[in-house]
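Please open the model in a viewer and keep the selection panel at hand. The tour below goes stop by stop.

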Amino acid sequence: MRYFALFLISVMAFFNLSCDEVFAPKIPFEEQNFVYASIKGDSLKQIITVARSYDVEGFNPKSNSSAPEIPGCIVEVKQAGVTYRFRDTLIERTDTSRYGNKMAAYVSTELVPQQNADLQLKVTLPGGKVLSSITRVPPKLFIKKSVFAIGYDRGKTLGGSYTLTWDAPDLYLYVPKLEIFYTRDDIPGTHTVEVPSRYRVVNKQVEIIYPQIGINRWMTFDYAAIDSTLKKISDGIEEKSTFRILRAEVRLLVYDTNLAKYYSSVNGYLDRYSVRLDENVFTNINGGLGVFGAYMLTKEILLFDLDYVASFGYRVR
Amino acid sequence: MTITTSATRIFLFNLLMVSYLFSQSTGTLRGFVTDSTHGGSVISANIRIESEKKGASSDIQGYYFIPGIKPGVKTVIVSNIGYVTKELQVTITPEKITQLNIALVPSSLTLDEVSITGTRRPELTDPSISIEQIPLEQIKSVPAGVEADMLRALKISPGVTSTGDITARYYVRGGGSDQNAVMVNGAVLYNPFHALGLFSVVDPEMIKMLEFFKGGFTSEWGGRLSSILNVVTRDGNKNRFVGTAAASSMSGKVSVEGPIPGGSFLVTGRKSYRPEAVQKFLNNRAAPFDFYDLSFKLNYSNPEFYENGWFTFHGFFSDDKIENNDPTKEDYKFNNSTLGMNWYQVWASPLSSNMSFTYTTFVGEVMPNLTTSKPRKNVVTDFSSNWDFTYIFESRDELWAGFYNKILNTELKLTNLFGSKTEIDKRGLDMVAYLKYKVLRHETVKIDIGTRLNIASASEQKPFFLEPRFNITWTPAPILAIRLGIGRFSQNLVTLSNEEELISIFEPWVVVPDYLKPAQATHFIVGADYYFTEWLKFSLEAYYKDIVNLVDINELKYTNLDPDFVQADGRSYGVDFAFDISRQNYFFKGSYSLGYSFKSKGGFEFPPRYDTRHSINLQAGWIFYDGWQINAVWRFSTGLPFTGIAGYYDKWNIPDPWSQWYAIGQYDPAFLYGARNAQRLPSYHRLDISLSKSFRLFFTKIDLDVSLLNVYDRHNIFYFVRDTGERVDMLPFLPSASLRIEI
C-alpha cells in the first residue's frame, strides 16, 4: 500500500510538473542589412536608406527606440558608365513616434534616370560589407485613347466609357490618374478635380471607385463618372458659364518589375489565389534584403469635345 | 527426337488426366457469415475444415469460398472474436459448389458479458500490409471530445499524427492531409469534416468498420499518395426494427433500422443544436456553427429476383454553415452529397463481382458580405463507376480485375485582392484498370502482385501508366508474419491549401493545373506481426516514402505571371511499433512511432509543419463491474516544427504615389524569420478518460458516457501570437457527457 501511494504521488508530481512548459518563440538574434532605393524617373532628387535589423526585449518591436538606419555608408548608383555617389545626410522622418525627427539617408540631386537605362546599386557598409543590386528604369509609355477627345462619342451610345490603353513589354505595375483642369471666375487660379473610373452601388449606397494600382494595361472611365465629375465642379452655382474647362490630363506611373514585385509582396498578391502565413517579402538586394527599383511617370494632355463640355454650360476657351 | 516428343505427349496427357481426376474428386464450399442478431455480414470470420486443413476468411460482404475439398461429410468450424464459435456438419459433393450460410451468435448477447473487441488473428494469412480494420467498438472506446469520432480514433494509430486537438485532420507517415482519402462505401468524401475540421461528418452510428490503409495499399486502391480510409457502413437490422436516439452536449441524433422484404434499411441523422460546446475547441468563440448529416442504406437480396445477388443503395448528405447574420463578417457553407448503388454478385462459378455507381458533389463557398475578404466557391462533381471481379482458383489463388471510371468536374471561382475574378474549371475522365493475382496456395507464403493501369487522366499531364504493387507475407510459424510491401501511387486531385495554416477554412479541391504533373509516390514497407500469445500481439513496420511532384503554394509568387503553384518533392521514413493485449474484460494497447518527414522546394529542404519525430499512444480499457467500462488514452508526441523569430526590421511600405514619394514613406516593424520550421514547439501529451455504462431499462438499452479530456490540464501549445508572444493553448481540462437510448 505504501508503494502504491508512493507511485501515485510520483505520477501526480510528474503530471503536475509537466502541465506547463516554458516556451520561447525567439531564436538567437540574426543581423541583416536592408536597402530601400526607389529611383524616381522624373526627378533630380533621389533618396536611398540603409538600415539594419534589431531586437527588443519582449515582443513589441515598436519599443525599439534606437534608429535602425545606418549612417556612414558609401552609396553609389551607376548609369550608362557614370557613377553617382549619394550624399550621407539626415532627412526629416515622416513618422516620429519611435525615433528622432531626423533619419540617416543618402541623397543625390544629380542622377536623372533615363528610360530603359540599367542602374547598378552598390552600398558599402561601414564595416566593409557590400550590398548590391541592379534594376532597369521603365520607359515612358505611349497612351492610346478610345476617341480623340473626351465626350466625342458621348451621345452615340447609352452609357459608354472613355478608355486609355498603353503597351509595355515587361511586367510592370501601373497607377493611372485622370484630372480635369478648370478655372472659375469667382476664385482665381487653376483648379483640378480627379475623375473616378466608375461608380458602384453597394448595399444601396453609391461608392466612388478611383483608378487603382494594377497590372492592367488599360483604364476605363465610365461617362457616368466623367459627367458627374464635370457637374460636381459647379455644384450649387447657377451661372455655369463662369467656369472654363481648360484641359484633362492623364498621369501614368509605371513601377518597374522590382518595385512591382515588392509592392505585391507587401500589399497582397496580384494573383488568382492568395494564401500566406509567413510573409515572403520580395528582395533583389544581394548580400541583404530590401528593394532597388525605379519608376517612370508619363504625362499626357487629353482633349475635350467642345460640344460635350458646352452641354454642361461651361466655357471652353 | 521421336522418343522425346512421345514422352512429352505422354507426360502432358498424364498431367491432364491427373488434373481431371483431381478436379473430379473435389468440391467447393462457399457462403456468407452473418450476425444472428441483426443479420449483417461478419467480416474476417475464420472458416476452417480441420480434416482438410483448409480454410478461408470472410470478406467485407461476409462471403467466404473454400475450393478443393475432398467429398464427404465435413466438420466446419466458424469462429470470430466476439462470437460464439460454431461447428457445423456439411456434405461436400464432387464437382459441386455447396453453399453454407452461417449465422454467428455474439458472445455478448447479455450486457453482463460485454467483451472487448480485439485483434483478429486471421490477418496473419493476408498478404496486405499497413492495414488496420477498426470496428465500431474500438472507435467508441476512445474517450470522446464532444462525441465519439472515427477520425479521432485514427489518431492513436501508429504513424498517424495531427497538428492539434482542434482539428480532426490527420497526417499519415509524413504525407500531407490531402493525400488521405476518406471514403464511405467506396465513394470519396471531399469534405469529411464538420465545424472547420473539428470532427468527422460520418456519424459513428452508421459505421460497421473502418478499413484504414496506411501505405503500400494493393492495386484495387488508388488516387491518393498516403492513405485510404474506407468507411463500411452497417447494413441495418434484418430481423427487427430498432430505433436509437442520442444526445451529446453538441448535437442530437437519431437512427432507425429494420427489415424490409428481401433486405434491410438504415437511416441515421445528426443535427447540431448547441454550438457553444464546439466553440470551446476553437480560438474563435463566436463562430456560429450549424451542421447536419444524414445517411441511408438499403439492402436487397431476393433469390427469386436474382440468385446470389445483393443490391445496396446508399446516400450520404452533410451540410455545414457558419452564418453570422452580420454583414461585417464572412459566412461559410460546405455541402457533401453522395448517392450510390452497389451490386454484389456471387456467380455459379468461383467468380464474384462487385459493380458500383456513385455520384458525389461537394460545394464549398465563402461569402464575404461586407468584409474585405473575396468571394470564393469550389464545386466538385464526381461520377464514378467501378466494376471488380474476383476469381478463386481451386488452388485458393485469386485473380482480381477491375475497371474504374471517374468523370470529374472541379470548379473554382475566386476573386483576387484587386477585384479581378477568375474561374478555374476542369473537366476530365480518370480511367483506371487494375489486375492482380493473389497467391494463397501456400500455407506460409502469401503474395499479392498486381498493377494499376492509368488509361486516362483528368489532369492534362498524365501520371505514369503503370502503378505496380507487390505485397508478400511470410509466416514461418503460425504466430509470426513477416511482411513486405512495395508500390507506386499517383494523385491528380489536390487541395489548394497552405499546410502551414493552423486552421484552414477553405480548402478547394482541383484537378492538378495543366502546367503541373500529378504527384507520385513510391512506398517501401517492411514489417512483422508476432503473436506472443493468443491475446498479445506485437507489430513492427518500417517505411520509406518517396514523393515527387507535390502541388504546393508558390510562396514566391509576386506577379500574375508567376504560377500560383509549384512542384515540391518530399520524403519520409520511420518505424511504427505497436502491441495489443486483448482479454475478455480488459485491453491495453500501445504504440511508438519514430518518423522523419521532409519537403523540398526551390532547392531548400525543410520539415513540414506536421513532422512529428516521436509519438507514443497508450490506450487501456477495463470492464470492471456490471457493465461499467473505463477507457483511457494517453498520447505523447514531440513538438511540431515552427519558424522562430530571429529579430525585427522596419519594412518600407510604398506610400501613396500621388502624395509622397521617395524612399521616405512609411516604415512598419516586421518579423525577421529564422530557418523555416527549424524550431520545435514543446512536446504534446494528454490523458483522456471515459467512463461508460450500458444498462437496460424496460424495453430500452441505454448507454451513458462521461468523458474527461486532458485530465491533468496539460497546457499543450497550439500556436503563439507573434505580435504579442502570447501562447494559445489547445484543449484545457474538459468534461463532457453523452446519452444514447436504443429501442
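Two residues are in contact if their C-beta atoms, placed from the backbone, lie within 7 Å. With that cut-off, 62% of the contacts in chain B between residues at least 6 apart in sequence join residues at least 24 apart. The model is a predicted one.

**Stop 1: the two chains**

Colour by chain and start with chain B. Chain B holds 4 helices and 48 strands. Of its 743 residues, 44% count as buried.

Switch to chain A, where there are 4 helices and 18 strands. Here 31% of the 317 residues count as buried. Among the contacts of chain A with a separation of 6 or more, 67% come from residues 24 or more positions apart.

**Stop 2: domains of chain A**

Select residues 33–137 of chain A for domain 1, then 143–255 together with 299–310 for domain 2, as the domain assignment has them. Taken over C-alpha atoms, the centres of domain 1 and domain 2 of chain A are 36 Å apart.

**Stop 3: strands β2, β5 and β6 of chain A**

Show residues 102–108 of chain A, which form strand β6(A), together with residues 46–52, which form β2(A). The two strands run antiparallel and are joined by 3 bridges. To find the register, pick Q46(A): its bridge partner in β6(A) is S108(A).

Now add residues 87–92 of chain A, strand β5(A), which pairs with β6(A) over 6 bridges in the antiparallel sense. Which residue of β6(A) does R87(A) stand opposite? The residue is V107(A). When displaying side chains here, keep in mind that in a regular strand they alternate between the two faces of the sheet.

**Stop 4: helix α2 of chain A**

Select residues 223–233 of chain A, helix α2(A); its buried residues are Y223(A), A225(A), I226(A) and L230(A). Looking down the axis of α2(A), the buried residues fall within an arc of 160 degrees, so they line one face of the helix. Exposed K231(A) and K232(A) are on the face turned away from the buried side of α2(A).

To see what covers the buried residues of α2(A), add strands of chain A including β10 (149–150), β11 (161–166), β14 (198–202) and β16 (218–222).

**Stop 5: helix α3 of chain A**

Move to residues 257–267 of chain A, helix α3(A). Of its 11 residues, 9 are buried, so α3(A) is largely enclosed by the rest of the structure. The buried residues are T257(A), N258(A), L259(A), A260(A), K261(A), Y262(A), Y263(A), S264(A) and S265(A).

The cover over these residues of α3(A) includes β1 (33–40), β8 (130–136), β12 (173–184), β17 (243–255) and β18 (289–304) of chain A.

**Stop 6: a sheet in chain B**

Return to chain B and display the open sheet of 5 strands, whose order is β9-β16-β17-β12-β13 and whose pairing is mixed. Its edge strands, each pairing on one side only, are β9 (131–135) and β13 (187–188) of chain B.

Within this sheet, select β12(B) (residues 180–184) and β17(B) (residues 227–233): they run parallel and are joined by 5 bridges. N180(B) stands opposite S227(B) in β17(B).

**Stop 7: domains of chain B**

Colour chain B by its domain assignment: domain 1 (23–109), domain 2 (121–228) and domain 3 (229–643 + 678–735). The centres of domain 2 and domain 3 of chain B, taken over C-alpha atoms, are separated by 4 Å. Their contact takes 71 residues from domain 2 and 114 residues from domain 3 of chain B.

On the side of domain 2 that touches domain 3, β12, β13, β16 (207–213) and β17 of chain B each supply at least two residues. Which of the strands gives the most to that side? The answer is β16(B), with 6 residues. By class, that side of domain 2 of chain B has 32 nonpolar, 27 polar and 12 charged residues.

**Stop 8: nonpolar cores**

Finish with the largest nonpolar core, of 91 residues, where those with the most contacts inside it are V33(B), M150(B), M183(B), I207(B), L229(B) and V231(B). Centre on V33(B): not counting residues up to four places away in sequence, V33(B) touches S41(B), V42(B), A45(B), S58(B), G62(B), Y64(B), V78(B), I102(B) and L104(B).

Another core, of 76 residues, lies apart from the largest one; among its members are A51(A), F243(A), Y255(A) and F671(B).

How values were computed: Residues are numbered from 1 along each chain as its sequence is written. Chains are lettered from A and ligands numbered from 1 in the order in which they are written. This is a predicted model: local features need pLDDT of at least 70, side-chain atom pairs count only at pLDDT 80 or more; totals for chains, interfaces and linings use all residues. Two strands pair if DSSP finds at least two bridges between them. A residue is buried if 20 or more other C-beta atoms lie within 10 Å of its own, exposed if 12 or fewer, and partly exposed in between; C-beta atoms are placed from the backbone. The arc is that of the directions from the helix axis to the C-beta atoms. Domain bounds come from an automatic or database domain assignment. Ala, Val, Leu, Ile, Met, Phe, Trp, Tyr, Cys and Pro count as nonpolar, Asp, Glu, Lys and Arg as charged, and the others, Gly among them, as polar. A nonpolar core is a set of buried Ala, Val, Leu, Ile, Met, Phe, Trp, Tyr and Cys residues joined through C-beta atoms within 7 Å.
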